[in-house]
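Here is a short note to read beside the structure. Keep the view open and find each residue as it comes up.

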Amino acid sequence: MNKTVTTTQHLRTVARLTFGNAASLIYLGVVAATAVFVTVDALFVTHEDASFSGVWLFFLAAPTVFLFLLLDSTLWGADSAGPDWYMYLALIVSVLVQSFVLGWFVRLLRGGSGRTRSRSAHPQGA
């Protein structure tokens with residue numbers, strides 16, 4: 001096998017685990033719906049005080065997003081918040097990592113390696 005085929009297979013496996021199962025798609029759908037809600041709330045709804053709707057994205061991206069927050073304070077200092085693009089990138093990467101782990105966990109629970117599956121009606125060989 002050449003390296004290109006192996007890399008392509010690994011990328012397909014990662015994409016399948018991240019986007020190709022019901023649990024990951026439900027999780028990503030909930031995150032997308034929450035992101036739309038937060039965006040609409042931030043842009044079109046007036047509040048007397050600050051809105052805490054953005055906190056829901058952090059709840060959905062937890063615990064991985066907190067690793068990025070620790071890295072943020074390390075990179076730019078504990079007193080500064082860092083650039084805005086870093087927070088958006090941290091949320092996106094955290095959600096994708098968790099979707100991948102959720103897909104991997106579903107595959108682990110099903111007991112399949114994804115490559116070989118027995119199609120026989122008698123798994124014990126009887």
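1. Start with long-range contacts. The model is predicted. In the protein, 60% of the contacts with a separation of 6 or more join residues 24 or more positions apart. Keep that value in mind when you meet the residue pairs below.

2. Next, the overall plan. The protein has 5 helices and 0 strands. Along the sequence the pattern reads α-α-α-α-α.

3. Now the surface. The accessible surface of the protein is about 9,500 Å². Carbon and sulfur atoms hold 68% of that surface. Of the 126 residues, 21% count as buried.

4. Which residues form the largest nonpolar core? There are 10: Tyr 27, Leu 28, Val 31, Val 38, Leu 57, Ala 61, Val 65, Ala 90, Leu 91 and Val 95. Three helices each give at least two residues to this core: α2 (22-44), α3 (55-61) and α5 (84-110). The largest share, 4 residues, comes from α2. A general point helps here. In soluble globular proteins, nonpolar side chains tend to be buried together.

5. Take one core member, Leu 57. This residue sits in helix α3. Is Leu 57 buried or exposed? Its relative accessible area is 16%, and buried means under 20%, so Leu 57 is buried. Leaving out residues up to four places away in sequence, Leu 57 touches Val 31, Thr 34, Ala 35, Val 38 and Leu 91. Val 31, Val 38 and Leu 91 are also on the core list. Look at Ala 32 as well. Ala 32 and Leu 57 are 25 residues apart along the chain, and their C-alpha atoms are separated by 9.3 Å.

6. Another core member is Ala 90. What does Ala 90 touch, not counting residues up to four places away in sequence? Its partners are Val 65 and Phe 68. Of these, Val 65 belongs to the core too.

7. Check the peptide bond from Ala 62 to Pro 63. This bond is cis, with omega near 5 degrees. Pro 63 lies in the loop between α3 and α4.

8. Thr 64 comes next. Its helix is α4 (residues 64-76). Thr 64 has a relative accessible area of 15%, so the residue counts as buried. Beyond residues up to four places away in sequence, Thr 64 touches Ser 94, Val 97 and Gln 98.

9. Follow that contact to Val 97, in helix α5. Val 97 has a relative accessible area of 35%, so this residue is partly exposed. Val 97 also pairs with Ala 61 in the C-alpha comparison. They are 36 residues apart in sequence and 9.2 Å apart in space, C-alpha to C-alpha.

10. How do α1 and α5 cross? The axes of α1 (residues 3-19) and α5 come within 7 Å and cross at roughly 90 degrees. Angles of 65 to 115 degrees count as roughly perpendicular, so α1 is roughly perpendicular to α5. On the α1 side, the contact uses Thr 13, Val 14, Leu 17, Thr 18 and Phe 19. On the α5 side, the residues are Leu 96, Ser 99, Phe 100, Gly 103, Trp 104 and Arg 107. By class, this contact has 6 nonpolar, 4 polar and 1 charged residues.

11. Helix α1 also meets α2. The axes of α1 and α2 come within 6 Å and cross at roughly 65 degrees. Leu 17, Thr 18 and Phe 19 of α1 make the contact with Ser 24, Leu 25 and Leu 28 of α2. By class, there are 4 nonpolar, 2 polar and no charged residues. One of the α2 residues, Leu 28, is also in the largest nonpolar core.

12. Finish with Phe 19. This residue is found in helix α1. Phe 19 has a part in the contact with α5 and in the contact with α2. Is it buried, exposed or partly exposed? At 43% relative accessibility, Phe 19 counts as partly exposed. Not counting residues up to four places away in sequence, Phe 19 touches Leu 25, Leu 28 and Leu 96. Phe 19 and Ser 99 are 80 residues apart in sequence, and 7.4 Å apart in space, C-alpha to C-alpha.

Technical notes. Residues numbered from 1 in each chain as written. Predicted model: local features only at pLDDT ≥ 70, side-chain atom pairs only at ≥ 80, totals over all residues. Heavy atoms only, no water. Core = buried A, V, L, I, M, F, W, Y, C linked by side-chain atoms within 4.5 Å. Buried < 20%, exposed > 50% of the residue type's maximum accessible area, 1.4 Å probe, protein only. Contact = heavy atoms within 4.5 Å. Axes fitted to C-alpha atoms, helices over the stretch in contact; angles between N-to-C directions. Parallel < 35°, antiparallel > 145°, perpendicular 65-115°, else oblique. Nonpolar A, V, L, I, M, F, W, Y, C, P; charged D, E, K, R; others polar. Areas by Shrake-Rupley, 256 points an atom, 1.4 Å probe, with all protein chains shown as cover.
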